[in-house]
Structures are given as structure tokens and as C-alpha cells.
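Colleague: Could you take me through this model and let me press you on the words you use for it?

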Amino acid sequence: MYNQTAYELGTNGCIIRELGQYGDALAARIGKENVFNFCIGNPSLPTPKAVQEAFLDILQHTDSLALHSYTPAIGSLACRQAIADNLNQRFSANATADDLIIGCGAAPELAAVFHALAFPGSEILTVAPYFPEYKPLVEASGAAFRVVPAAAPDFQIPMAALEAMLTPNTAAVLLNSPNNPSGVVYTRKTLEALSRLLTRKGEEFGHPIYIVSDEPYRELAYGVEVPFVPGIYPNTIVCYSYSKSLSLPGERIGYVYIPKNAADAQALYHAVEGGFRATGHICAPSLLQAVIARCAHLTPDLTMYDKNRTTLYNALTEFGYQVAKPDGAFYLFVKAPGGNAMAFVEKAKEQGLLVVPGDDFGCPEYFRMCYCVSHDQILRSLPIFRRLAK
Ligand code: PLP
């Protein structure tokens with residue numbers, strides 16, 4: 001006997017990884033130089049030197065037994081304090097170490113938070129386009145997963161459509177900005193309108209509607225403001241990750257931040273602690289916590305991503321593609337010529353060009369490209385895009 005839902009999750013592979021692996025196999029067959037793989041959001045910026053140095057220094061100069069022991073379940077005080085200091089310095093957050101729980105990256109943090117928020121019959125809403133893993137993560141908590149349809153072409157939050165989907169069963173609205181897959185950054189104006197709406201509906205329903213702000217791309221923005229969501233709407237739970245900002249996706253480290261002025265903040269904090277226990281990932285890696293205690297203030301040098309972004313965006317729009325304005329993250333979300341992304345992806349595959357159809361992101365007319373690849377790959381792929389545009 002086994003759980004059928006889990007079986008289906010395990011066997012229905014994620015299309016992003018499947019296409020990525022297809023690309024690797026194709027490269028082995030026809031040569032790496034003939035494959036243009038834009039599928040996987042693995043950072044291509046080197047991990048900052050200061051982070052590498054921190055690893056080495058900590059390993060060389062810390063007693064190994066102490067270093068590799070379990071930390072407290074919620075994370076070491078040093079790590080939580082460094083993050084609180086950074087939030088205060090950048091956003092005047094008024095955070096303390098007691099508002100933070102260290103986690104193993106955004107995905108398990110989201111799992112813990114959904115467990116904390118789900119109640120019988122509850123619903124968690126997100127806005128398309130969205131990260132496909134949200135669905136299994138939300139559903140595993142027992143909450144129903146609901147998607148507010150996308151508002152193309154700018155992909156800001158469609159407020160009327162969202163309002164129509166809010167019910168007394170809405171536990172939370174899950175946001176991701178800068179967004180995977182669109183690269184769009186929700187503006188302050190958008191977030192202020194959302195804040196007004198959720199405040200009004202929360203009063204009407206007699207309970208707060210939380211925002212869960214999934215922020216692996218917070219530091220990846222190109223000349224635009226990424227508003228600090230708790231500064232606009234206090235009932236916000238932030239799930240942060242260092243996977244992309246410090247190019248550490250394989251190391252699994254991040255945090256959950258619950259502002260003191262969120263509704264029921266203390267009880268909520270304990271519920272999230274419980275969510276971490278229930279999903280089995282307390283005591284994040286000790287070595288990584290020691291590194292973050294020293295490196296929480298670091299931000300990436302985005303020059304390389306920005307160059308890739310500008311080259312691709314300019315070229316694709318010149319070829320006639322409709323592209324969401326990519327102000328953040330390292331993705332472009334492009335409308336497939338003809339409006340059928342699956343068909344476009346198959347055609348592109350024939351030419352060694354691998355992009356991900358938007359179906360699983362809630363936008364079947366679009367495809368996603370990750371531009372965290374070499375600039376050379378981008379330049380050499382442009383003639384193929386030009387041909388496919390026709
Ligand atoms: N949320 C979004 C929007 C993502 O794009 C990703 C990873 O690509 C995650 C969460 C998971 O990130 P992590 O590596 O921190 O678990």
C-alpha cells in the first residue's frame with residue numbers, strides 16, 4: 001500500500017526538469033554547442049567570494065563538534081540576529097531574532113507556513129503565472145489551491161478577479177515578486193491596493209487574510225524597487241531563500257520572517273514552528289547558518305544577468321515576440337507566436353532550443369526562458385528565435 005497522491009507526484013515528473021534532462025541527453029548526442037537550454041533556474045553567477053571565504057574560515061577555525069551539532073530548532077541566535085539586523089537596516093523592519101525561523105530554502109519554508117495556516121476547508125490563493133510547485137505544497141497542507149487568472153500583458157495582480165475569489169475560507173494569498181516565471185516585480189501601487197483589499201475583506205470575514213510572500217528573487221531586480229511587503233501589509237509572512245541571491249541553491253538555507261505587528265503574531269510564530277516540525281525540517285544546516293551569520297548583508301552583482309536580460313529582451317521584441325517586462329529574477333515570459341506554447345516548444349526542440357511551456361505556470365499561451373546561462377549561448381540562440389518568430 002502507498003499513498004496514491006504521493007505516487008502521482010513522484011511519477012508525474014516536473015516538466016522543467018524533464019526538459020532540462022532532455023537537453024543534457026541531447027547535448028551528449030549532438031554536441032553541447034548545438035543545444036540551447038533555457039529550462040532550469042540554476043544561478044550562473046559564481047557564489048560571492050566573501051561567502052566562499054566564510055565557508056573556509058569557519059571550517060578551519062571552529063571546533064568541528066560544535067560546528068556540526070544541531071542548532072536550536074528555530075536556528076542559531078547568531079544567524080537570526082544577523083538577518084534581523086539586515087532587515088532593520090534595509091527596511092526599518094523593527095525585527096528581532098525572535099521573529100525569525102531559519103529554514104532549508106523557500107520550498108520547505110512554504111510547506112511549513114501552509115501547514116501553519118491551513119484549517120478545515122481553507123483555501124490558499126495565488127496569482128498566475130505562478131511557480132508550479134505551489135500546488136503540491138499547498139495541497140499537502142490540506143488547504144485547497146486556487147489560482148487567480150493572469151492579467152497579461154503586465155502580469156500585475158488583477159484586483160477585481162482576486163476579490164471575486166476571496167471567501168471566508170481564504171487563509172492566505174501567496175505572492176512571488178520578483179516573479180518566477182514572468183520576471184515581473186509587483187509595484188508599490190499594486191501592493192498598496194492589495195493591502196487595502198485584504199484589510200477590508202479580513203474585517204468583513206472576521207479573521208485576517210495573510211499574505212505569504214515567497215522571496216527567493218528579492219535581490220534580483222534591475223533598477224526598480226522591490227517593495228518590502230510587511231512594510232505595506234503587516235499580516236505578511238516572508239519566506240526567503242539564499243538559493244538565488246547568493247548562488248547557493250544546493251546548500252538549502254533561508255528563513256521565515258513573521259513581523260511582530262502581524263495579527264496574532266506570537267501564536268502564528270508558534271504555528272509556523274509547528275509547521276516546520278510537521279514537515280520534518282527543523283535545525284537547518286549548522287554550517288550554512290554560520291555562513292549566513294556572516295554574510296546576510298551580501299547582495300549579488302547583477303551585471304551578467306542584466307546583460308543577458310537586455311540582449312534577449314531587445315532581440316525578442318525586435319523579432320516581434322510579446323514579452324512581459326522583465327524587471328527582476330532571471331526569467332523571460334514570452335507569448336508563443338500562434339498562442340500555443342506546447343506547439344512552439346516542440347518546434348523549438350527540433351532546433352535544439354529548449355524553453356518551458358507556460359501550462360504549469362497557469363499561462364498556456366506563454367513560454368518561460370531562464371537567462372541564467374552564458375551570454376554566448378544567448379547570442380548563438382538568436383537566429384533560431386528569429387526563424388521561429390516567423
Ligand atoms: N519559489 C520560487 C518562486 C522559486 O522559483 C523557487 C525555486 O526555483 C523556490 C520557491 C524554491 O527555492 P528554494 O531553492 O529556496 O527551495
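Modeller: Gladly. This is a predicted model, and I'll start with helix H11 (residues 265-278), which lies across S2, strand S6 (210-215), strand S7 (236-241) and strand S8 (254-257). H11 runs at about 15° to S2.

Colleague: What makes you say that H11 "lies across" those strands?

Modeller: Contact means heavy atoms within 4.5 Å. H11 lies across S2, S6, S7 and S8, and the angle of about 15° to S2 is taken between N-to-C directions on a scale from 0 to 180 degrees. A value at that end of the scale therefore says that H11 and S2 point roughly the same way.

Colleague: Now the sheet. Why is it called open, and what is its strand order?

Modeller: Its seven strands follow the order S2-S8-S7-S6-S5-S3-S4, with mixed pairing. The edges are strand S2 (100-103) and strand S4 (144-148), each of which pairs on one side only. Pairing requires at least two bridges between two strands, so S2 and S4 are edge strands because each has such a partner on one side only. On average, neighbouring strands are turned by 20° against each other, direction ignored.

Colleague: How do you know that S3 and S5 count as a pair?

Modeller: Strand S3 (residues 123-127) and strand S5 (residues 170-176) share four bridges. The cut-off is at least two, so S3 and S5 qualify as a pair. They run in the parallel sense, and Leu-125 stands opposite Val-173 in S5.

Colleague: Which domains does the assignment give, and how far apart are their C-alpha centres?

Modeller: The domain assignment gives domain 1 (4-47 + 301-389) and domain 2 (51-295). Their C-alpha centres lie 26 Å apart. Across the boundary, 31 residues of domain 1 are in contact with 32 residues of domain 2.

Colleague: What makes the largest pocket a feature of both domains?

Modeller: Its lining draws at least three residues from each of domain 1 and domain 2. The pocket has a volume of about 1200 Å³ and is lined by 42 residues, with Cys-14, Phe-131, Pro-132, Glu-133 and Tyr-134 nearest its centre. Helix H7 (134-140) gives the most to that lining, with six residues.

Colleague: How does that lining divide by residue type?

Modeller: Into 20 nonpolar, eleven polar and eleven charged residues. Tyr and Cys count as nonpolar here, so Cys-14 and Tyr-134, both nearest the centre, are on the nonpolar side of that tally.

Colleague: And what lines the second largest pocket?

Modeller: That pocket holds about 450 Å³ of space and is lined by 19 residues, of which Asp-24, Lys-32, Asn-37, Val-373 and Gln-377 lie nearest its centre. H2 supplies the largest share, five residues. The lining divides into eight nonpolar, seven polar and four charged residues.

Colleague: Why is the bond from Ala-152 to Pro-153 called cis?

Modeller: Its omega is near 0°. Pro-153 is found in the loop between S4 and helix H8 (159-165). The bond from Ser-177 to Pro-178 is also cis, with omega near -5°, and Pro-178 lies in the loop between S5 and helix H9 (188-205).

Colleague: What makes the phi values of Cys-283 and Ala-329 worth pointing out?

Modeller: Most residues other than glycine have a negative phi. Phi of Cys-283 is near 55°, while Ala-329 has a positive phi of about 60°. Cys-283 lies in the loop between H11 and helix H12 (286-295), and Ala-329 is in the loop between helix H13 (303-319) and strand S9 (331-335).

Definitions and conventions:
Residues numbered from 1 in each chain as written. Predicted model: local features only at pLDDT ≥ 70, side-chain atom pairs only at ≥ 80, totals over all residues. Heavy atoms only, no water. Helix = DSSP H or I, 4+ residues; strand = E, 2+ residues; numbered from the N terminus. 1 Å grid on protein atoms, 1.4 Å probe; cavity = no way out; pocket = protein on both sides within 12 Å on 5 of 7 lines; lining within 4 Å. Points joined across faces, edges and corners; volume = space filled by probe spheres on them. Domains from an automatic or database assignment.
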